[in-house]
Amino acid sequence: QVQLVESGGGLVQAGRSLRLSCAASGSIFSINAMGWYRQAPGKQHDLIAAITSGGSTNYSDSVKGRFTISRDNAKTTVYLQMNSLKSEDTAVYYCNLQGVDTTGRYLEVWGQGTLVSVSS
């Protein structure tokens, strides 16, 4: 069984920063990519940042230049540094992992979600 545990959400004023963390544990053989999605009230679930096993990153236009995705040396914890936050960044943020488990099966796991609220 594989789990993703997220932390770091909260209430912050516009223009300030927050950092989200997502720690993976369990029967993971390999990780192909990890990413952050978000869902604002009444909107769809969108990918905003991802990092591959090789370290390549990509960002949605809405966060490019403000958010940075990174990971630890063990490559099992991923971070999302969010700077210059705007009210439109208010959403529930979800961590996602895609990889292979120790039985050789494809793996896709979601975190429980963490709420980020940005006040203007």
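The questions and answers below go through some of the contacts, strands and buried residues of a predicted model.

Q: Why is the pair Arg38 and Asp89 called a salt bridge?
A: A salt bridge needs a side-chain nitrogen of Lys or Arg within 4 Å of a carboxyl oxygen of Asp or Glu, and the side chains of Arg38 and Asp89 meet at 2.9 Å, N to O, so the pair satisfies the rule. The two residues come from distant parts of the chain, 51 residues apart, with Arg38 in strand 4 (residues 28-39) and Asp89 in the loop between strand 8 (77-82) and strand 9 (91-101).

Q: Why is Arg38 called buried?
A: Buried means under 20% relative accessible area, and because Arg38 has a relative accessible area of 12%, the word applies to Arg38. Asp89 also counts as buried, because its relative accessibility is 0%.

Q: What makes Arg38, Arg66 and Asp89 a network?
A: Besides its salt bridge with Arg38, Asp89 forms a salt bridge with Arg66, where the closest N and O atoms are 2.7 Å apart. Here too the pair links distant parts of the chain, since Arg66 lies in the loop between strand 6 (57-59) and strand 7 (67-71), 23 residues from Asp89. Arg38, Arg66 and Asp89 are therefore linked in a network of salt bridges, and Asp89 and Arg66 are both buried.

Q: How do you know that Arg105 and Asp101 form a salt bridge, and is each residue buried or exposed?
A: Their side chains meet at 3.7 Å, N to O, and because the limit is 4 Å, the pair counts as a salt bridge. Arg105 has 55% relative accessibility and so counts as exposed, the cut-off for that word being over 50%, whereas Asp101, with a relative accessible area of 11%, is buried. By the same rule, the count of salt bridges comes to four.

Q: How do you know that Cys22 and Cys95 are joined by a disulfide?
A: The cut-off for a disulfide is a pair of cysteine sulfur atoms within 2.5 Å, and the S to S distance of Cys22 and Cys95 is 2.1 Å, so the pair qualifies. A search of the whole structure finds one disulfide. It links distant parts of the chain, with Cys22 in strand 3 (residues 18-26) and Cys95 in strand 9, 73 residues apart. Both Cys22 and Cys95 are buried.

Q: Why is the disulfide of Cys22 and Cys95 called left-handed?
A: The torsion about the S-S bond is about -85 degrees, so the disulfide is left-handed.

Q: What makes strand 4 and strand 9 a pair?
A: Two strands pair if there are at least two bridges between them, and because strand 4 and strand 9 have ten bridges, in the antiparallel sense, they meet that condition. One example is Trp36, whose bridge partner in strand 9 is Cys95. Strand 4 also pairs with strand 5 (residues 45-52) in the antiparallel sense, over seven bridges, and Ala33 stands opposite Thr52 in strand 5. Strand 4 and strand 5 form a hairpin with five residues between them, and Gly42 in the turn has a positive phi of about 75 degrees.

Q: Why is Leu4 called buried?
A: Leu4, found in strand 1 (residues 2-7), has 6% relative accessibility and therefore counts as buried, the cut-off being under 20%. Leaving aside its neighbours within four places in sequence, Leu4 is in contact with residues including Cys22, Met34, Cys95 and Trp110.

Terms used:
Residues are numbered from 1 along each chain as its sequence is written. This is a predicted model: local features need pLDDT of at least 70, side-chain atom pairs count only at pLDDT 80 or more; totals for chains, interfaces and linings use all residues. Side-chain values use heavy atoms; hydrogens and water are left out. Helices (H or I, at least four residues) and strands (E, at least two) are DSSP runs, numbered from the N terminus. Buried means under 20% relative accessible area, exposed over 50%, partly exposed in between (1.4 Å probe, protein chains only). Contact means heavy atoms within 4.5 Å.
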